[in-house]
Amino acid sequence: MAFFRDSGEVCAYIGQMFELFVEEFGAEAALKDSGLVVRLGHTAPDCVIVVDFPNRKVFYNAAADSATTPNVDMLMNSDDAHLFWLGKLNFPNAMARRQVRMSGSTAKAMKLLPLTEPLSTIYRALLAEAGRDDLITAS
């Protein structure tokens, strides 16, 4: 069974996580100067999110397609993305099993690693605030 009912939920929870993150941490010099622009393609349900860290912007679906050109492109199933942001999916193993596909600048992608813990904290808080304990306890 899929965790999300539709693409709106994927964008609402995962996308909002990034929106809150860039609002709170986006002005930090390390992010502002990173040049990191990530395209996150999700399937089943489909949702595209582009996060432009230097400009502190998040774009969705059609707007994401015409947004800033990403230098890191990731593609994964929405359920795997959910588990990853909960801290329940081992990223290197998922890459090895092709659950997650990545292209673009490896050096830029490495800049995402230190962000995963604060993003995970924001994600869990968003789900709890929305009363989605079913998603928090999912495995």
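This is a short tutorial dialogue on reading the sheet, the helices and the overall form of a predicted model.

Me: Where should I start: how many helices and strands does the protein chain have?

Reply: Happy to help! The protein chain has eight helices and five strands. From the N terminus on, they follow one another as α-α-β-β-β-α-β-α-α-β-α-α-α.

Me: How do strands of a sheet pair, and what is the strand order here?

Reply: In general, strands of a sheet pair through backbone hydrogen bonds, in a parallel or an antiparallel way. In this model, five strands form an open sheet in the order β3-β2-β1-β4-β5, and the pairing is mixed. β3 (57–60) and β5 (100–104) each have a single partner strand, so one side of each has no neighbour in the sheet. From one strand to the next, the twist averages 15 degrees.

Me: Which way do β4 and β5 run, and how many bridges join them?

Reply: β4 (residues 72–77) and β5 run antiparallel, joined by five bridges. To find one on screen, look at Val-72, whose bridge partner in β5 is Gly-104.

Me: Which strands does helix α1 touch?

Reply: Helix α1 (residues 7–25) packs on the sheet and touches β1 (37–43), β2 (47–52) and β3. The directions of α1 and β3 make about 170 degrees. Helix α4 (residues 78–86) also packs on the sheet, touching β1 and β4, with about 105 degrees between the directions of α4 and β4.

Me: And what is the radius of gyration of the protein chain?

Reply: The value is 14 Å, close to the 14 Å that the globule rule gives for 139 residues, so the chain is as compact as a globular protein of that length. Of those 139 residues, 45% count as buried.

Technical notes: Residues are numbered from 1 along each chain as its sequence is written. This is a predicted model: local features need pLDDT of at least 70, side-chain atom pairs count only at pLDDT 80 or more; totals for chains, interfaces and linings use all residues. Side-chain values use heavy atoms; hydrogens and water are left out. Two strands pair if DSSP finds at least two bridges between them. Helices (H or I, at least four residues) and strands (E, at least two) are DSSP runs, numbered from the N terminus. Axes are lines fitted to C-alpha atoms, for helices over the stretch in contact, and angles run from 0 to 180 degrees between N-to-C directions. Contact means heavy atoms within 4.5 Å. The radius of gyration is taken over C-alpha atoms; the globule rule is 2.2 Å times the number of residues to the power 0.38. Buried means under 20% relative accessible area, exposed over 50%, partly exposed in between (1.4 Å probe, protein chains only).
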